[in-house]
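Visitor: Could you take me on a close look at the largest pocket, please? I'd like to know which classes of residue make up its lining.

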Amino acid sequence: MTDMTPIRAVRARWPRLLKEPEACEYLSIGKSTLRDHGPKPKHLGRAVLYDIRDLDRWADRLDDQPLEESDRKEEAAHVEDAFFRRRAEKRGRAQP
């Protein structure tokens with residue numbers, strides 16, 4: 001009998017923010033592929049971190065798979081948040 005662990009249980013073991021080696025392991029790709037073609041990482045001090053949700057969205061788009069409605073809304077909110085954060089930074093008002 002093989003051990004069939006549900007995907008949800010396996011995914012629960014991954015932290016939300018992954019360092020580069022863990023992000024590569026999560027996607028089963030190499031570092032140069034992640035750096036050259038993957039989603040943009042987040043920076044916390046010197047740490048380069050990848051949001052697991054960004055990794056999932058990026059992987060879903062590899063074969064031009066349509067995004068689910070919940071993913072579209074989340075991505076739209078993410079784009080809007082990034083826009084307002086950049087605008088505030090340009091005006092010298094950093095947002096939390």
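Guide: Happy to! By class, the lining of the largest pocket has ten charged, seven nonpolar and two polar residues; here Asp, Glu, Lys and Arg count as charged, Ala, Val, Leu, Ile, Met, Phe, Trp, Tyr, Cys and Pro as nonpolar, and the others, Gly among them, as polar. Please keep in mind that this is a predicted model, where local features need pLDDT of at least 70 and side-chain atom pairs count only at pLDDT 80 or more, while totals for chains, interfaces and linings use all residues. Residues are numbered from 1 along each chain as its sequence is written, and side-chain values use heavy atoms, with hydrogens and water left out.

The largest pocket holds about 650 Å³ of space, a volume being the space filled by probe spheres set on grid points joined across faces, edges and corners. A pocket is an open set of points on a 1 Å grid over the protein atoms alone, where a 1.4 Å probe fits, with protein on both sides within 12 Å along at least five of seven lines; lining residues have an atom within 4 Å of a point. Of the 19 lining residues, K40, P41, K42, H78 and R85 are the closest to the centre of the pocket.

Which elements give two or more residues to this lining? They are β2 (42–44), α4 (52–60) and α5 (69–90), with helices (H or I, at least four residues) and strands (E, at least two) taken as DSSP runs numbered from the N terminus. Helix α5 gives the most, with seven residues.
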